[in-house]
Amino acid sequence: MYDIGRSKRAQRAFSFDDITIVPSRRTRGTEEVSLRWKIDAVACDFPILAAPMDSIMSPETAIEMGRLGGLGVLNLEGVWTRYADPRPMLAEIAGIDDPIKATRRMQQVYAEPIKAELITERMKQIRAAGVPVAGSLSPQNTAEFAETVEAAGVDFFVIRGTTVSAEHVSSVHEPLNLKEFIGTLDVPVIVGGCATYQAALHLMRTGAAGVLVGFGGGATHTTRDVLGISVPMATAVADVAEARRDYMDESGGRYVHVIADGAVGRSGDIAKAIACGSDAVMVGSPLARASEAPGNGWHWGAEAWHADLPRGERVHFGTLGSLAEILHGPSTVADGSMNLVGALRRTLATTGYTEVKEFQRVEVVVN
């Protein structure tokens with residue numbers, strides 16, 4: 001613990017940039033490595049989820065993500081469930097250079113009401129392609145649209161917010177009781193974000209199949225500047241992984257998947273997140289560089305268009321290659337922004353591990 005003056009003490013926390021992975025005495029060929037990840041009844045070829053952000057996930061890119069072996073999560077509060085054809089608005093947002101004008105325009109675009117029939121249409125479109133179906137809602141809209149999402153036949157229901165708790169108190173609005181809500185659903189729920197041991201333990205007790213660690217949208221997030229809230233991800237993931245272990249003992253062996261969501265901008269960050277204890281990662285900014293990404297080289301999250309207090313910004317990444325190239329290569333750059341799956345496979349091979357679960361035991365050091 002550190003003393004901050006005479007009246008405050010604080011724990012030291014570490015980001016992914018603060019740590020590195022240590023090679024072991026054994027190395028393996030990449031052909032020996034399996035990145036297979038299974039959550040509930042759905043198996044993926046690699047442990048990477050595409051974040052539910054309009055700049056990277058459309059029904060088409062969610063389908064492509066599934067075909068490539070991952071899991072694409074569609075934002076069910078985004079433009080795809082507000083407009084029959086949102087492409088002109090996405091192009092318009094990408095064409096505005098002034099950040100203030102861009103924020104104002106996004107606030108106007110996202111003021112359009114969410115339409116239940118479009119949620120159904122988008123989910124069925126992804127289902128018809130034969131890939132896993134996942135949709136995301138914020139806690140504020142979950143109760144209103146949950147029936148629609150479940151009826152559409154999703155494989156996963158994602159409840160994602162900046163900070164999600166199992167105990168939300170409000171004297172104005174009826175809070176969402178996560179434990180009661182999840183208990184009524186016939187589909188597995190992934191919920192978050194959280195960043196502490198205690199918060200994660202509470203979310204695991206709701207019956208969630210997976211818990212998101214972090215605040216999401218690392219590259220586009222300004223929550224630290226606006227609200228002063230932030231937890232470095234290496235510490236957050238390690239703390240939540242400990243909560244997972246203790247919850248397994250408490251529940252008699254029920255395993256809840258830990259998914260790092262935020263500050264995962266490079267392939268090395270994906271490896272470090274798993275080394276700290278996560279089962280999978282949710283990525284955004286690497287996929288914004290895909291030629292198919294609906295953001296047209298720009299990237300933003302839901303916080304960027306908040307009606308009263310935006311806590312995010314558009315970031316321009318440009319285009320590097322196709323979604324297939326960003327996930328599977330070949331890479332044309334040496335900065336960890338392409339061939340994410342190949343890089344993770346090589347990290348496991350270099351450190352002597354053949355499976356993701358085993359790799360959680362790898363040694364790390366603080367820089």
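**Notebook: a buried pair and what surrounds it**

I started with one pair: Arg 244 and Asp 279 are both buried (under 20% relative accessible area, with exposed meaning over 50% and partly exposed in between, for a 1.4 Å probe and protein chains only). This is a predicted model, so local features need pLDDT of at least 70 and side-chain atom pairs count only at pLDDT 80 or more, while totals for chains, interfaces and linings use all residues. Residues are numbered from 1 along each chain as its sequence is written, and side-chain values use heavy atoms, with hydrogens and water left out.

**Entry 1: the buried pair**

I looked up what Arg 244 does with Asp 279, and they form a salt bridge whose closest N and O atoms are 2.8 Å apart. Arg 244 sits in helix 9 (residues 233-251) and Asp 279 in the loop between helix 10 and strand 13 (280-283), so this pair ties together parts 35 residues apart in sequence. A salt bridge here is a side-chain nitrogen of Lys or Arg within 4 Å of a carboxyl oxygen of Asp or Glu. Helices (H or I, at least four residues) and strands (E, at least two) are DSSP runs, numbered from the N terminus.

**Entry 2: other salt bridges**

How many salt bridges does the structure hold? I noted 15.

- Asp 3 and Arg 9 meet through their side chains at 3.1 Å, N to O. Asp 3 counts as exposed because its relative accessibility is 58%, and Arg 9 is exposed too, at 54%.
- Asp 246 pairs with Arg 245, with 3.5 Å between the closest N and O atoms. I put Asp 246 down as partly exposed at 22%, and Arg 245 as partly exposed at 48%.
- Glu 60, Asp 85 and Arg 87 are linked in a network of salt bridges.

**Entry 3: a buried charge without a partner**

Next I checked Asp 269, which is in helix 10 (residues 267-275). Which side chain of opposite charge is nearest to Asp 269? I found Lys 272, 4.8 Å away, and Asp 269 is buried yet has no salt bridge. I counted Lys and Arg as positive and Asp and Glu as negative, leaving out His and the chain ends. Leaving aside neighbours within four places in sequence, Asp 269 is in contact with Phe 16, Asp 17, Ala 263 and Val 264 (contact means heavy atoms within 4.5 Å).

**Entry 4: helix 1**

I then went through helix 1 (residues 59-67), where Pro 59, Thr 61, Ala 62, Ile 63, Met 65 and Gly 66 are buried. What do the buried residues of helix 1 pack against? I listed strand 6 (48-50), strand 7 (71-75), helix 4 (116-128), helix 11 (285-288) and helix 12 (323-328). Just after helix 1, Gly 69 takes a positive phi of about 110°.

**Entry 5: the whole protein**

Stepping back, I noted 14 helices and 16 strands. The C-alpha atoms fill a box of roughly 55 × 50 × 45 Å along the principal axes. The radius of gyration is 20 Å, which agrees with the value near 21 Å for a compact globule of 367 residues (taken over C-alpha atoms, with a globule rule of 2.2 Å times the number of residues to the power 0.38). Buried residues make up 53% of the 367. Of the contacts with a separation of 6 or more, 68% come from residues 24 or more positions apart.
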